[in-house]
Amino acid sequence: MIFKMAAFTALVMAVSSSTIRTSCAFLTSSSKGALSNNKLFTNRMLIAPPSTNQRTNRISRSIAFRHRSTAQNHSTEADETTTAGVVEEAAESSSSIYESQAETLAKLRSPFLKTMRDRGFLHQCTNIEELDNIMMEKSKDGKAVSAYLGFDATADSLHVGSLLQIMILRHLQKSGHRPIVLIGGGTSKVGDPTGKDESRKLLTDDVILANTRGISKVFEKFLTFGNGSPSDATMVNNDDWLSSLKYLEFLRDYGTQFTVNRMLSFESVKQRLAREAPFSFLEFNYMILQAYDFLELSRRYDARLQLGGSDQWGNIVAGTELGRRCDGTQLFGLTAPLITTSDGKKMGKTANGAIWLNPDRLSEYDYWQFWRNTSDEDVIRFLKLFTELPLDDIEELSKLEGADINKAKVVLADEATALLHGRECLKVIHETVDNMFNKKSQSMSTESLPRIFVKAEDLEQGIKFADLFLDLKLADSKKEARRLIQGGGAKLNEEKIADETGSLTLSDFNDSKEVILRAGKKRAGVVEIQ
């Protein structure tokens, strides 16, 4: 065993110091011809809308309009296509799926795939025509196709970067099919290396369990569980089968189905090796475990389709092939584009930190403000992806120009917030926004703002403003809070806070039980006496 591990290490080092071939066999030679009926359907674009004046011919209620949001600048993991029966990495192409496969897309019949097409969720799909046929047949028979999406438990809340995937599951269920939410309690012990320059911090079992509980809450807001219908959502944890695997048996049964050559050709691996960043054997196993998840879910829950982001394409294809080789089961994969904002920034991150989905990590008001602050270039695209507003209504909003575009941003903020937090919170948010911008602090509703509680005896001594801004998450550090005060952007109610070392005291409350701290024009929080 020691000799084998040393040989493997030597192989990795040798490959990392040379040019890695971008086209090599994924599986052993016995798999040749295996994928001849599994055509891969690829889209190499990042959704980013050109001008609203652009129009093309209509296909099924104007596919062209619904994908104006398609740009030609997507460049991440190389896609894979079937050539001579062997999965190979294809060369990058600037053509969009909506251009190169327009005729195929126009013929789609299943409501789910049509929704993916029309709202801009499609990036890649294995044998989309066959998947379309299966979905239609299942629906006619009153049955459902089971599809899953995985979420690792690396934090106690998902952030808005995961929202695209959750919306895909929601559309799947609304189309009559069965979503399976896979919580990665097992794979979180390994850590997904995709898109990372360094190894993830290893999490303890207790932390993973707490994170699992935290991220599980949000799915109940978007999916229906326990109604007994064929489309009834299911939540499972891959720790149930991964933690009980016997290492030698697993290697003998499944390790032979993968080649190191193919695994080293994955873009996520090549990038780590090119940067000479440490890449542990533990992380190297992640792609095998993800492929095995698909096999296990197909056996336990009849999962036929894996959904994910385009950076997971290689792992997803590995799962479809593992299912075919081990069980003779036809499995499918579908990915959505990785979403960035029009300025190239990763979706879900702001200067003030991650946009969390759990309300204990981010208030309803701040969540609403995130969507309200969407750029002019992104608003129509985000309305399609992150709301359920009818496409005809979105088309009307796309005609707005100048300052009127802000009306579309309010619609986006309202609809996205209502999906996550419920429509009932919108009235209070609107009142808060109205009062903040009209400076009616005395009558202002503060219900939707983030809030912390302090003790009167602590206020007698005084509590540093920098500490309060940090506790309210209006600043990421005390240093940032002090800079905010120095720059004149920090206020106590409507008065600027002049002293960066100053403190909030009992006298600042006058006859009230609370005060408002403001960070700039749009962010605020409440300090209330306990």
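1. Burial. Of the 530 residues in the chain, 54% are buried. The model is a predicted one, and the burial figure should be read with that in mind.

2. Surface. About 24000 Å² of the chain is exposed, and 49% of that area comes from carbon and sulfur atoms.

3. Secondary structure and contacts. The chain has 24 helices and 20 strands. Among contacts with a separation of 6 or more, 75% join residues 24 or more positions apart.

4. His421. This residue is found in helix H20, which covers residues 405-421. Is His421 buried or exposed? His421 has a relative accessible area of 12%; the cut-off for buried is under 20%, so His421 counts as buried.

5. Surroundings of His421. Which residues does His421 contact, once neighbours within four places in sequence are left aside? They are Lys221, Leu357, Pro359, Glu364 and Tyr367. A reader with the structure open can look at His421 in helix H20 together with these contacts.

6. Cysteines. The count of disulfides is 0, where a disulfide would need a pair of cysteine sulfur atoms within 2.5 Å. Two cysteines can be described by their accessibility. Cys425 has a relative accessible area of 12%, so Cys425 is buried. Cys326 stands at 27% relative accessibility; partly exposed runs between the 20% and 50% cut-offs, and Cys326 is therefore classed as partly exposed.

Key:
Residues are numbered from 1 along each chain as its sequence is written. This is a predicted model: local features need pLDDT of at least 70, side-chain atom pairs count only at pLDDT 80 or more; totals for chains, interfaces and linings use all residues. Side-chain values use heavy atoms; hydrogens and water are left out. Helices (H or I, at least four residues) and strands (E, at least two) are DSSP runs, numbered from the N terminus. Buried means under 20% relative accessible area, exposed over 50%, partly exposed in between (1.4 Å probe, protein chains only). Contact means heavy atoms within 4.5 Å. Accessible areas come from the Shrake-Rupley method with a 1.4 Å probe; for residues, only the protein chains shown count as cover.
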